[in-house]
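The following exercises are to be worked through with the sequence and the structure at hand. Each task is followed by a solution in steps.

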Amino acid sequence: MVSGNQDADAQLVERYLAGDATAFDEMMIRHQRRIYRLCYRFVENHEDAMDLAQDVFIKAFEHLENFRRESSFKTWLCQIALNHCSNHVKRHSQDFVELNEYTGSVRASAQSQLEDREEREQFRRLLQRLPLKQKAILELRINEQLSYEEIAKIFGRSVSTIKASVFFATEKLRKLVKDASKGPEKA
Amino acid sequence: MFGHLKSEDFANLMESSEVPAQWRQHLDSCHRCRTTLESLSAVHDEIISVDEDIPEPDWATFRSSVRDQLFARSVQREASRRRWARWVMRPSAVWALSVMLAVAIPTGAVFWHLQKDHNTESIGLETPRTTSPTELIEAGTDKMVFDDLMQLTESEQEQLHHLLQSAQKGSSHHNEKAP
């Protein structure tokens with residue numbers, strides 16, 4: 001299946017480079033959701049995620065001739081997205097400090113749906129506290145379901161290093177959740 | 001402590017719903033590894049759940065926006081390429097003109113110099129003279145007649161004298177006859 005997807009991507013790349021305009025839409029449809037969601041997890045807002053995802057595709061299409069078929073198109077695209085998002089986050093790190101600030105306040109609400117949403121919001125804030133690389137590895141593995149081999153290619157690390165990173169990132173997040181849940185009690 | 005799960009093993013186990021038999025035995029007996037795996041799996045599930053809140057954009061608008069931006073950038077690139085080409089062309093014209101002048105001026109100078117030399121050679125010996133050719137011819141004739149006269153013997157001088165006198169008489173006679 002993975003190989004089939006890779007072949008399809010490779011064919012689309014060839015078609016696009018040959019001037020087939022329909023290949024553009026097909027490539028976009030295949031990867032737009034993944035790239036947008038990946039960007040969203042870095043910036044946590046729709047507008048910025050849209051801009052970042054669009055930039056990623058523009059970069060990719062403009063440099064498609066430089067795409068060496070050593071990795072899959074999906075991996076290459078994710079790599080561009082991660083670099084672009086990391087740069088964006090670093091440039092706007094000051095803005096993200098406030099966003100990542102975990103207040104520890106848990107508002108009681110009668111509506112359980114709203115509570116769930118609130119909890120998820122808090123969890124997402126905690127997720128933002130992870131180092132960029134660890135967070136990216138975690139997202140790529142858990143939500144984008146990239147294989148360890150693919151992630152290893154993106155980061156230029158061994159599979160075992162990536163597996164260890166997933167463990168340490170999850171462990172760190174667990175501790176953050178634990179500390180956060182202790183916070184209101186202390187207060 | 002021996003036989004505890006490694007970080008890689010935890011990474012594999014928290015993703016899989018079924019625990020392989022090789023680890024099942026250890027997890028049943030090791031409270032530490034079991035609780036760690038449980039808490040990690042809970043965090044893992046939570047990471048998946050937060051993804052649900054990510055909004056879905058209008059993908060058609062998204063694609064058309066990317067297409068438009070790509071087109072705009074390609075137009076911009078083409079325009080800058082043309083500007084660059086024009087910029088290159090202008091100096092190249094200047095360069096071509098400079099090269100032409102650099103070649104034409106020395107060549108012209110050399111030709112002019114050669115032509116000048118040729119003209120000088122054609123008028124040759126006449127140029128250094130200050131006197132006119134007519135004067136020189138006249139002076140030469142006088143000189144030759146005087147030299148001839150100096151070389152005449154006495155009898156020849158006498159004959160010449162008589163000849164001149166008779167010629168003089170003849171010319172005066174002729175002048176008298178024709179008033």
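**Exercise 1.** In the crossing where H4(A) passes H8(A), is the crossing left-handed or right-handed? Describe also the geometry and the residues of this pair.

*Solution.* The model is a predicted one.

Step 1. The crossing of H4(A) past H8(A) is right-handed.

Step 2. Two packed helices are described by the angle between their axes and the distance between the axes. For helix H4 (residues 73-91) of chain A and helix H8 (residues 148-155) of chain A, the axes come within 9 Å and cross at roughly 50 degrees. Because of this angle, H4(A) is oblique to H8(A).

Step 3. On the side of H4(A), the contact is formed by Thr75(A), Cys78(A), Gln79(A) and Leu82(A), which meet Glu150(A), Lys153(A) and Ile154(A) of H8(A). By class, the residues of this contact are three nonpolar, two polar and two charged.

**Exercise 2.** Which residues of H8(A) are buried, and what is the sign of phi at Gly156(A)?

*Solution.* Step 1. The buried residues in H8(A) are Tyr148(A), Glu150(A), Ile151(A), Ala152(A), Lys153(A) and Ile154(A).

Step 2. With six of its eight residues buried, H8(A) is mostly covered.

Step 3. Gly156(A) follows H8(A), and its phi is positive, near 65 degrees.

**Exercise 3.** At what angle do helix H2 (residues 22-43) of chain A and helix H3 (residues 46-62) of chain A pack? Classify the residues of their contact.

*Solution.* Step 1. The angle is about 130 degrees, and the axes of H2(A) and H3(A) are 8 Å apart. H2(A) is therefore oblique to H3(A).

Step 2. H2(A) passes H3(A) in a right-handed crossing.

Step 3. From H2(A), Met28(A), Ile35(A), Tyr36(A), Cys39(A), Tyr40(A) and Val43(A) take part; they meet Asp48(A), Ala49(A), Met50(A), Leu52(A), Ala53(A), Val56(A) and Phe57(A) of H3(A). Twelve of the contact residues are nonpolar, none is polar and one is charged.

**Exercise 4.** How many residues of chain B are in contact with chain A, and which elements of chain B give two or more residues to that side?

*Solution.* Step 1. Chain B has six helices and zero strands, and 7% of its 179 residues are buried.

Step 2. In chain B, 28 residues are in contact with 32 residues of chain A. The elements of chain B that give two or more residues to this side are helix H1 (7-15), helix H3 (31-50) and helix H4 (59-123).

Step 3. The side of chain B that touches chain A comprises 15 nonpolar, six polar and seven charged residues.

Technical notes:
Residues are numbered from 1 along each chain as its sequence is written. Chains are lettered from A and ligands numbered from 1 in the order in which they are written. This is a predicted model: local features need pLDDT of at least 70, side-chain atom pairs count only at pLDDT 80 or more; totals for chains, interfaces and linings use all residues. Helices (H or I, at least four residues) and strands (E, at least two) are DSSP runs, numbered from the N terminus. A residue is buried if 20 or more other C-beta atoms lie within 10 Å of its own, exposed if 12 or fewer, and partly exposed in between; C-beta atoms are placed from the backbone. Axes are lines fitted to C-alpha atoms, for helices over the stretch in contact, and angles run from 0 to 180 degrees between N-to-C directions. Angles under 35 degrees count as roughly parallel, over 145 as roughly antiparallel, 65 to 115 as roughly perpendicular and the rest as oblique. A crossing is left-handed if the near helix is turned anticlockwise from the far one by less than a right angle, and right-handed if clockwise. Two residues are in contact if their C-beta atoms, placed from the backbone, lie within 7 Å. Ala, Val, Leu, Ile, Met, Phe, Trp, Tyr, Cys and Pro count as nonpolar, Asp, Glu, Lys and Arg as charged, and the others, Gly among them, as polar.
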